[in-house]
Amino acid sequence: MKISNGVLAAAMVAGLSLSGLSAHAAGPGGWGGGMGVGSTFGGPGGNALDGLDLTRKQRNQITTILKEAHDQDQAQDTQEEFENLHEQIQDLLSVPGPLDQNQIAQVQQKMAALRAEREARHLQTASRIHDVLTPEQLTQMRERQRKIHDLLSQLNALQHPAQQISSDSQKK
């Protein structure tokens, strides 16, 4: 089965977006020289690299990629800027009188630009890791991601069943 790079990149970016490319120390039994690959390629369902038989060379390459990405994220830490922009919106929304829609739009544009920069960095990291993996590993990873997605969808359906009105209750 051939997987297009675009589909794989989108799946990786989704995992990265949900987990926020932070490299936490690996837990017991974890690998990567303290870099938590699960936290990077995680998101709902865990680590997309779990279950792959990675060689020592691949593990070292991925660890290096993740460390570089983590260091870059730390150097370009935008969390404080996001918080400041959020406070600006809160301030604008709490001022008596008409809302200044132009100012709100300007702050929203700044937030969108920061998110886009972060997503671009995460996609670059995912692309670099993609290039380390074999076609077989990519196929295994994609199949695992599909299974996780299906299971999460089933869980969501069980937790939030659609409201069904029976014909009996309509007659009452």
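**Entry 1: H3 against H5**

I started with the contact of H3 with H5. From H3 I listed Gln58, Gln61, Ile62, Ile65, Leu66, Glu68, Ala69, Gln72 and Asp73. They meet Arg121, His122, Thr125, Arg128, Ile129 and Val132 in H5. By class I noted six nonpolar, five polar and four charged residues in this contact. I am working from a predicted model.

Next I looked up the geometry. The axes of H3 and H5 come within 10 Å. They cross at roughly 170 degrees. An angle over 145 degrees counts as roughly antiparallel, and H3 and H5 are therefore roughly antiparallel to each other.

**Entry 2: residues along H3**

I took single residues of H3 in turn. H3 covers residues 56-75, and Gln58 is found in it. Is Gln58 buried or exposed? Its relative accessibility is 6%, so I put Gln58 down as buried. I then looked up its partners, leaving aside neighbours within four places in sequence. Gln58 is in contact with Asp53, Val132, Leu133, Thr134 and Gln137. Among these, Val132 is also on the H5 side of the contact with H3.

Thr63 is also found in H3. I have Thr63 as buried because its relative accessibility is 16%, and the cut-off for buried is under 20%. I checked Thr63 against Ile129, 66 residues apart along the chain. Their C-alpha atoms are separated by 9.5 Å.

Glu68 lies in H3 as well. I found a relative accessible area of 38% for Glu68, so it is partly exposed. Glu68 is one of the H3 residues that meet H5. Its C-alpha atom is 8.9 Å from that of Thr125, with their positions 57 residues apart in sequence.

**Entry 3: H5 by itself**

I checked the length of H5. At 1.5 Å a residue, its 32 residues should span 46 Å. The end C-alpha atoms are 47 Å apart, which agrees.

Which residues of H5 are buried? I listed Ile104, Val107, Met111, Leu114, Arg121, His122, Thr125, Ala126, Ile129, His130 and Val132. Residues three or four places apart on an α-helix point the same way, because there are 3.6 residues a turn. I read the list with that in mind. Ile104, Val107, Met111 and Leu114 are among the buried residues. They are also among the H5 residues that meet H4. Arg121, His122, Thr125, Ile129 and Val132 are buried too, and they are among those that meet H3.

I looked closer at His122, which is found in H5. At 1% relative accessibility, His122 counts as buried. I paired it with Asp73, 49 residues apart along the chain. The C-alpha atoms of His122 and Asp73 are separated by 9.4 Å.

Gln106 lies in H5 too. I found a relative accessible area of 48%, so Gln106 is partly exposed. Gln106 and Ile89 are 17 residues apart in sequence. From C-alpha to C-alpha I have 9.9 Å for this pair.

**Entry 4: H4 against H5**

I moved to H4, residues 79-94, and its packing on H5, residues 101-132. Their axes are 10 Å apart, at an angle of about 160 degrees. That makes H4 roughly antiparallel to H5. I noted a left-handed crossing where H4 passes H5.

What does H4 bring to this contact? I listed Glu81, Phe82, Leu85, Gln88, Ile89, Leu92 and Leu93. In H5 they meet Gln103, Ile104, Val107, Gln108, Lys110, Met111, Leu114, Arg115 and Arg118. The classes come to nine nonpolar, three polar and four charged residues.

**Entry 5: H6**

I ran the length check on H6, residues 135-159. At 1.5 Å a residue, its 25 residues should span 36 Å. The end C-alpha atoms are 36 Å apart, so the two agree. For buried residues of H6 I have Gln137, Leu138, Thr139, Met141, Arg142, Gln145 and Ile148. Gln137 is one of the contacts of Gln58.

**Entry 6: the whole chain**

I finished with totals. The chain has seven helices and zero strands. Along the sequence I read the pattern as α-α-α-α-α-α-α. Of its 172 residues, 31% count as buried. I also looked at contacts with a separation of 6 or more. Residues 24 or more positions apart account for 72% of them.

Technical notes: Residues are numbered from 1 along each chain as its sequence is written. This is a predicted model: local features need pLDDT of at least 70, side-chain atom pairs count only at pLDDT 80 or more; totals for chains, interfaces and linings use all residues. Side-chain values use heavy atoms; hydrogens and water are left out. Axes are lines fitted to C-alpha atoms, for helices over the stretch in contact, and angles run from 0 to 180 degrees between N-to-C directions. Helices (H or I, at least four residues) and strands (E, at least two) are DSSP runs, numbered from the N terminus. Angles under 35 degrees count as roughly parallel, over 145 as roughly antiparallel, 65 to 115 as roughly perpendicular and the rest as oblique. A crossing is left-handed if the near helix is turned anticlockwise from the far one by less than a right angle, and right-handed if clockwise. Contact means heavy atoms within 4.5 Å. Ala, Val, Leu, Ile, Met, Phe, Trp, Tyr, Cys and Pro count as nonpolar, Asp, Glu, Lys and Arg as charged, and the others, Gly among them, as polar. The expected span of a helix is 1.5 Å times one less than its number of residues. Buried means under 20% relative accessible area, exposed over 50%, partly exposed in between (1.4 Å probe, protein chains only).
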